[in-house]
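Morning, everyone. I have one structure to walk through today, with an eye on its charged side chains. Here it is.

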Amino acid sequence: MELRAAHEHWMDERETRVWGEWGLATLAATHWLTADATELEGLPGRWRASDGEVRGEVHGEDVRLAPGQQLEAAGLLLRGFERDGSIALRVLDPAAPAARGISSIERFEFSETARLHGRVRGEAATAETRSVDDHAATLTFDAIVELEWEGEPFSLTVQEDDGWYFAAFADGTAGRESHAFRFIRFPVPADGEAVVDFNRAYLPPCAFSDHYVCAMPVPGNRWSVPIRAGERLVR
C-alpha cells in the first residue's frame, strides 16, 4: 500500500480507538480502592479491593472485576485496573469528551522524510520512570535505536512487546507545538535496521483524560531535536 494511503488508514483506525464507543477519550474516572468499602461519586453501592479484584454491587447484584474485565451498567463501562498491586475501578462515559470540550486531534503534516532508518543496539537495562501522577516504577528497556533527524543524531530507548518496540519521548516541540510527550511504536527488525515512522507518533492517553496514569519518557528519550511529525495536540 502506498505510504500516504497506509498512513490515512492508520489515522482512521486511531480516530476510532480514541473517539469511538468506549474509546480512550471516554475515561471519566479512575478510583483507587482499598480493603474498606466506600461510596464512589456517580455509582451505586459501595466499592472495595479484595484478592486483586474490584468488588462492588450494581442494582443489588454483586460485581467482581479482575484487571481488564469490564461491565456495562447505567450507560457507563466499568473496568478493573491494576498497577503494581494496587487496584482501581475505571469508569468510561460516552459524555466525557464533550464535558471536557475535546473532539479532535491536531497533527503535523504528513512527510515521507519523517520515516527514519535507525540501527538497533541490544542493550537491556533498567531505569526508574515517573508517571504523570508522580508514581515511581522501575522498568526494563530492551534496546536503543540510533537515529538522525535533519542531520542531528539522537537515540530512542525502547521496550519490546510481542514483536514491536515502544517508547515515550519528548522532543524539541514538546510543551509548545505538541503535547508534553508522545508515544511511538514500530516493528522489531529482523536485521537490526529499524524503520521508525514518526508520522505515527501518537498522543498518550493522558492527553485525552487526566484519569490515565501514563509513564513519562526516561531521560534518554528527551531531546532538543524537534520532530514535527505525527499527532500534536488534543482540541
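Which side chain does Glu 128 meet in a salt bridge? The partner is Arg 130, at 3.9 Å from N to O. The cut-off for a salt bridge is 4 Å, so this pair counts. Glu 128 is exposed, at 52% relative accessibility. Arg 130 is partly exposed, at 36%.

Keep in mind that this is a predicted model.

Next, a network. Arg 14, Glu 15, Arg 107 and Glu 231 are joined into one by salt bridges that share partners.

Now step back to the whole chain. The secondary structure comes to 2 helices and 18 strands. The radius of gyration is 20 Å, and the globule rule gives 18 Å for 235 residues. Those values are close, so the chain is as compact as a globular protein of that length. Along the principal axes, the C-alpha atoms fill a box of roughly 60 × 35 × 35 Å. Of the 235 residues, 46% are buried.

Back to charges. How many salt bridges does a search of the whole structure find? The count is 15. Two of them deserve a slide each.

Slide one: Arg 235 and Glu 106. Their closest N and O atoms are 3.0 Å apart. Where do the two residues sit? Arg 235 is in the segment after strand S18, which spans 231–234. Glu 106 is in strand S9, residues 105–107. The pair therefore ties together parts that are 129 residues apart in sequence. Arg 235 is partly exposed, with a relative accessible area of 47%. Glu 106 is also partly exposed, at 26%.

Slide two: Glu 193 and Arg 119. These side chains form a salt bridge at 3.4 Å, N to O. Glu 193 belongs to strand S17, residues 193–197, and Arg 119 to strand S10, residues 115–121. So this salt bridge links parts 74 residues apart in sequence. Both ends are partly exposed: Glu 193 has a relative accessible area of 35%, and Arg 119 has 46%.

Last item: charges of one sign. Which residues gather in a patch of negative charge on the surface? They are Glu 2, Glu 8, Asp 12, Glu 13 and Glu 112. Take Glu 2 from that patch. Glu 2 lies in the segment before helix H1, which covers 3–19. Its relative accessible area is 47%, so Glu 2 counts as partly exposed. Patch members need over 30% relative accessible area, so Glu 2 clears that cut-off.

That's the tour. Over to you.

Technical notes. Residues numbered from 1 in each chain as written. Predicted model: local features only at pLDDT ≥ 70, side-chain atom pairs only at ≥ 80, totals over all residues. Heavy atoms only, no water. Patch = residues over 30% accessible without salt bridge, like charges linked within 9 Å, V, L, I, M, F, W, Y side chains within 5 Å. Areas by Shrake-Rupley, 256 points an atom, 1.4 Å probe, with all protein chains shown as cover. Lys, Arg positive; Asp, Glu negative; His and termini not counted. Charge placed at Lys NZ, Arg CZ, Asp CG, Glu CD. Helix = DSSP H or I, 4+ residues; strand = E, 2+ residues; numbered from the N terminus. Buried < 20%, exposed > 50% of the residue type's maximum accessible area, 1.4 Å probe, protein only. Rg over C-alpha atoms; globule rule 2.2 N^0.38 Å.
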